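Please work through the exercises below with the sequence and the model at hand. Each task is followed by a worked solution.

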Amino acid sequence: MTIGIDSAFDGGNILVRSIDADEVRLTIRRDRGSQFLQWFYFRVDGMRECGCRLVIENAAETTYSRGWESYDVATSADRSRWYRTPSVYDGKTLSWTVRPGIEALWFAYFAPYPLARHNDLVARSVVAPGVSLKRLGSTLDGRPIDCLHVREIDGEIGSGRGAEGHHDTGTGAGSGVREAAGGGRRQIWVIARQHPGEPMAEWWAEGWLERLLDLDDATSRALRRLADVHVVPNMNPDGTFRGHLRTNAGGANLNREWAEPSLERSPEVFHVHRRMAETGVDLALDIHGDEALPYNFIAGTEGVPGWDDARDAELVAFKRTLAALNPDFQTEHGYPRAKPGSANPSYASNHVAATYGCLAMTLEMPFKDTADTPRPTVGWSPERCKRLGRSFVDAVYLALTDRLLPPA
Ligand code: ZN
């Protein structure tokens, strides 16, 4: 019986070093045109009789080697349900053992969200009422940059009540979105997966979209009465298909391209940037995963020019409210707060906050599990990502209606 390893599929990434009867030695491939590596996704077959030990030899050379501490590999037999297999990082390699008796298993850094599923999500979303698909442009590999424009529906979502009647700009304690960018309707932007090896971002986007498009959901309908929502569920389809961690087909880290995006290097950012300028932005979310920290947290834009106490209060109120809505989100752990004036303008959230003067937030989700609310059999999982996405509908609605919890 020979063990086989395959990764020549949508999102696959692994290189085979050696295959013995009971041990397979592997390395993760770098993103094309850059030094980043961490994402892996592959299939193993032929271990029915003996089982085997799998070893990733270059775990210590990956971009975020601390990510392997307290990490368990995502595993699936049917590619639908993903669970975790206990894994060991010894400071050099990452390894785990497969028991005999299984025909084939898929392993990945996190439950994959392949490009095929992205296409399914877009197709399902655009047949829903009030949703249109904007192809903002093309990637370097020639794929569409998909933006879903979610609007109010006349006589359905609107129910004869115009946006004006709900244009509530109350003066509650430091919360909400202060003024609309265009007309009476607010413009909400959500972009996910600038980093393709962070599929939790698109699982989140799936949960966010499913709830937002649910016509039986009163909060979603109310939100859509107030705002247009622009969703880019996958900013980096080329990197997704190629099995990259951080970059697009040309080796660009898209979340470092917002100061000066170019068609040649970062068309994904160039086109979204331009569309944002057309619509304006009143609130923005940029969705990511963090390799090291076992927490869900929001990184704000405290280092942008013009940051003040009022903006700080908005950010704190949003985070507090979200933590109250969904205990998988917390406000204690995260990145260090940026010093005044230190913001890097090439990050999406900093660019948006500085350009539009609005609340712009980067959500980071774990690859591991949440330390405060663990579920070891699955770790941080697609289902939990989707539920967090759903909770954001509540939080954004409360922000729009100036009803976030006051800062403590
Ligand atoms: Zn990221």
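The exercises concern a metal site and three helix pairs in a predicted model.

**Exercise 1. The zinc site**

Task: Determine which atoms coordinate the zinc ion and how the donors are arranged.

Solution:
- Step 1. The zinc ion is coordinated by ND1 of His195, by OE atoms of Glu198, which is listed twice, and by ND1 of His288, at 2.1 to 2.4 Å.
- Step 2. Along the chain, these donors of the zinc ion follow the spacing H-x2-E-x89-H.
- Step 3. Glu198 lies in the loop between strand E13 (186–192) and H2, while His288 belongs to strand E15 (residues 283–290); this pair, 90 residues apart, links distant parts of the chain.
- Step 4. The 4 donor atoms subtend angles of 57 to 150 degrees around the zinc ion, which makes the arrangement irregular. A tetrahedral site would need all angles between 85 and 135 degrees.

**Exercise 2. Helices H1 and H2**

Task: Classify the packing of H1 and H2 by angle, and state which residues make the contact.

Solution:
- Step 1. Helix H1 (residues 115–126) and helix H2 (residues 200–212) pack at an angle of about 10 degrees, and their axes are 11 Å apart.
- Step 2. Angles under 35 degrees count as roughly parallel; H1 and H2 are therefore roughly parallel to each other.
- Step 3. Their crossing is left-handed.
- Step 4. H1 contributes Arg117, His118, Leu121, Arg124 and Ser125 to the contact, and H2 contributes Glu202, Trp203, Glu206, Leu209 and Glu210.
- Step 5. Sorted by type, the contact residues of H1 and H2 comprise 3 nonpolar, 2 polar and 5 charged.

**Exercise 3. Two partners of H8**

Task: Describe how H6 and H3 each cross H8, and give the make-up of each contact.

Solution:
- Step 1. The axes of helix H6 (residues 309–325) and helix H8 (residues 382–400) cross at roughly 140 degrees and come within 9 Å. That angle makes H6 oblique to H8.
- Step 2. The crossing of H6 and H8 is right-handed.
- Step 3. In H6, the residues Phe318, Thr321, Leu322 and Leu325 meet residues of H8 including Phe392, Ala395 and Val396. The residues of this contact divide into 8 nonpolar, 2 polar and 1 charged.
- Step 4. For helix H3 (residues 218–226) and H8, the axes come within 10 Å and cross at roughly 45 degrees. H3 is therefore oblique to H8.
- Step 5. The crossing of H3 and H8 is left-handed.
- Step 6. Thr219, Ser220, Ala222, Leu223 and Leu226 of H3 meet Val393, Asp394, Val396, Tyr397 and Leu400 of H8. The contact of H3 with H8 consists of 7 nonpolar, 2 polar and 1 charged.

Definitions and conventions:
Residues numbered from 1 in each chain as written. Predicted model: local features only at pLDDT ≥ 70, side-chain atom pairs only at ≥ 80, totals over all residues. Heavy atoms only, no water. Axes fitted to C-alpha atoms, helices over the stretch in contact; angles between N-to-C directions. Helix = DSSP H or I, 4+ residues; strand = E, 2+ residues; numbered from the N terminus. Parallel < 35°, antiparallel > 145°, perpendicular 65-115°, else oblique. Left-handed = near helix turned anticlockwise from the far one by under 90°. Contact = heavy atoms within 4.5 Å. Nonpolar A, V, L, I, M, F, W, Y, C, P; charged D, E, K, R; others polar. Donors = N, O, S within 2.8 Å, 3.2 Å for Na, K, Ca; no water. Tetrahedral: all angles 85-135°; square planar, octahedral: opposite > 155°, others 65-115°.
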